[in-house]
Amino acid sequence: MAVRKKSGHGKDFSPIFLAFFLILSCGVFMALKVETDGIIRKKIPGSSIIYIPSGKYLKFATFGYSSLLADIIYVWAIQYYSDYNIPERFEYLDHIFSIISELDLHYLDPYDTGALIAAYEAQDLDLALKLLDKGLEKNPDQWFFPYTGGHYAQMIKKDQKLAQEYYKKAMEVKGAPDILRRLYADSLYKAMDYQSALQAWLEIYQTTTDERVKKIASNHLYRAKATIDIQNIKEAIEKFKQRFGRNPMDLSQLVKAGFLGSLPKDLDGKEYVYVPQTGEVEAPTIWWKR
Amino acid sequence: MKIGAIALNTFKEAIRDRILYLLFFFAAVCIIFSRILALLTVGDRVKIIKDVGLASLSLFGALMAILMGVGLVFKEIDKRTIHTLLVKPIHRYQFLLGKYFGLVLTLLVMLLGMSIIFLAVIFAHTFKLEWQLLVAILFIFFELCLVTSVALLFSCFSTPILSSLFSLSFYLIGHFSWGLETLIKKVKPGLGKTLAQLLYHFVPDLENFNFKMEVVQKLPIPPKIFLFSTLYGIFYTVFVLTLALLVFRKRDFI
Amino acid sequence: MAAVLKVEDLHKSFKLGFIPKIKKILKGISFSVEEGEIYGYLGPNGAGKTTTIKCILGLVHPERGKIEVFGLHHLSLQAKEKIGYLPENPYFYDYLTASEFLNFCGQLFLMEKKKKEERVKELLQLVGLENASDLQLRKFSRGMLQRVGLAQALLSSPSLVILDEPLGGLDPLGRKELRDIILRLKKEGRTVFLSSHILQDIEMVCDRVAILVNGEVISQGALHQLVSEKIHFTEVILSGIDTEELKGLAESSSAKGERTLLKILSEENLEKILELVHSKKGKIHSLVPRTETLEDIFVEIVKQR
């Protein structure tokens, strides 16, 4: 610019030249973008989220848009966890889903999905249950959470006692569907707490108005009673064996010998089937075929 | 050189803008506050200071670039100082470029100031100077040069509030263009997808200048990207300034 | 003599409002300014005077028309180097001092450093601001800003000086000083293009004028040709004559104490009154023939539109 421009016209660059230059530079930067996209930079995906100490603080920083942010992080989390190329993605599962729940306590899906990911993908059942517990704590009307918890406890951990606790919690939620009570009763049975199971099924039987449910309850009552009775009978047989060194010929012998107070009958009033050679006692009817 | 004279003049004017010092103050507060925040974490304390520091430099730098760029041009047009300049024997492009370089110079000075505070705080903590931090800051500067050119473009034809909003949108979109890429992957191939891909390549990718994470986590950076990112920045800036010039040439100053 | 500034068929419209309504400001302006003259550009507010000037200077792009400065295209840098411009309400960079600002302007003309500094000092002295050369412009009063504006307009020793309403806002002393400067510029051989609506001053300095009304030049030419020298009426202030005797001779009269003010239309009546005063030993205090002024013409022309 040291030399004065001597343009006869005096205008700056002509518009055509500028337009050409515009398109050229556009083309170049777009090509460069393709290049830079190709360069692989090591990323720590989600590092920015991992870094946030707690959702509580984040909530203050978001000026009331916390639920939107919860949505965004949740959507991101789903993409993140669907990417099987990130082997370390489960390290911050707890952290990320805690943040989401702290941002928006009543956003229900993340509790459930987080628990699902924890249970089936990260194989961390405790975390799954923790998430479900939090879900219930913040949303006491959601029976679904403890129900799922019971389900996981039963299916994955195979911890019937734990499952039973969860089903009880689920059952107690206001507005919970009746089937939960049946699941609870069933879990009691599976946890081998037969007396309580009996009680529970009795209660269901007595309080339900649905014929089908009554039938189911009665079947389960049958089974529970049968199990208790058979247990008692078997105990008596053992005592008999100890005393007399052999199985009793029939069950009435147990009563005569004083090992049983009275001979228990099944719910329908029928006698239990006893095979003296093996000492096996069975219910006369298959409980679910009644 | 005429562009140089205008640039220097712009610098002298911009450096007196109080908004800059307000933002500088906030940035300094953030950086110093991070020092205190670092006491609350367990483990690597310097990481927080570095993260907060670089984020402050980037964010407040962007705000400075936008507010200063928009405000300055608006003031010239509003107060009519631009009339006295444009009737002198200068081309309009010389005026525009002079303004741009003046703004860039101001930004450089402000960024240097903030960087010194930042590096001082880090030094007080670790007693060493990491050159990688300087790399991250350098690319923050390149990013801000691009943002400034955008602010200049919008203020050539729009009101200051709209210009600020548009420039801010540019900055935000630039940092989330990868979202567009993710979305495009899920679209069925066809005309829509091709158009979307074209759009994706056009939309600015400010993440190209973002080395904050790599620097703080001490990850390796492929050297190729330095060259390509710089070139990307240069050509995008040229594009924006050319656009600004096209708009500016035809503008009437009533 | 060559035309310093030639404007041919200039048209300009503006789009106003959100739903663009086209308002035509300049409807085909043509005029030319000769070398070495002081040219007045007159018109009521909103006629398009400032718009015309902005077209000439390249701040506004006309739709149609040709503008030539010194035979060159008006937007060429060579043309701009010969022009000095003083805008209507000058406003400059707040934080610069007067000399800093003028030095900056000098840089845009690529003036050599030493020469530039000398010239700046010279001009500050010319406009009477040498004491304020290190004061920041934001502390300047309006009159002082006007002077700085004039200084920056004259910085490159321009052959054509364009002044847009330079006399508005100046006190009588300031106006006189500016008039003197304008006349001096003419003596130096420069051409001055002056837009104003303070007609008395225009009358005092301009050689030729153009009158602009509603975007059209409706009258232009040498001042003495536009304004006839015909005497409209004469105002006489006298004393010592009975009002009775003056009846019928004057158009109107008013008395204050001993003195009587008369408005006399015809020459004949004037002579009669003079005789009367002489014979009755009365006294003439003042006798002012009123010719047509520029203002009179102006008002008449504008009214016609």
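**Three chains, term by term**

Me: What makes the radius of gyration of chain C worth setting against a compact globule?
Reply: Chain C has a radius of gyration of 24 Å, whereas a compact globule of 305 residues would come out near 19 Å. The radius is taken over C-alpha atoms, and the globule rule is 2.2 Å times the number of residues to the power 0.38. Along its principal axes, the C-alpha trace of chain C spans about 75 × 50 × 45 Å.

Me: Good to know. What kind of model is this, and how are its residues and chains labelled?
Reply: It is a predicted model, in which local features need pLDDT of at least 70 and side-chain atom pairs count only at pLDDT 80 or more, while totals for chains, interfaces and linings use all residues. Residues are numbered from 1 along each chain as its sequence is written, and chains are lettered from A and ligands numbered from 1 in the order in which they are written.

Me: Why is Phe157(B) called partly exposed?
Reply: A residue is buried if 20 or more other C-beta atoms (placed from the backbone) lie within 10 Å of its own, exposed if 12 or fewer, and partly exposed in between. Phe157(B) has 13 such neighbours, so it is partly exposed. As for burial in whole chains, 38% of the 305 residues in chain C are buried, and 30% of the 290 residues of chain A.

Me: Where does Phe157(B) lie, and which residues does it touch?
Reply: Phe157(B) sits in the loop between α6 (131–155) and α7 (160–175) of chain B; helices here are DSSP runs of H or I with at least four residues, strands are runs of E with at least two, and both are numbered from the N terminus. Leaving aside residues up to four places away in sequence, Phe157(B) touches Val247(B) and Arg251(B). Contact means C-beta atoms, placed from the backbone, within 7 Å. Phe157(B) and Arg251(B) are 94 residues apart in sequence, with 7.9 Å from C-alpha to C-alpha.

Me: How do you know that chain B meets chain A, and what makes up its side?
Reply: By that contact rule, 33 residues of chain B touch 24 residues of chain A. The largest share of chain B's side, 15 residues, comes from α11(B). By class, this side has 20 nonpolar, six polar and seven charged residues. Ala, Val, Leu, Ile, Met, Phe, Trp, Tyr, Cys and Pro count as nonpolar, Asp, Glu, Lys and Arg as charged, and the others, Gly among them, as polar.

Key
Two residues are in contact if their C-beta atoms, placed from the backbone, lie within 7 Å.
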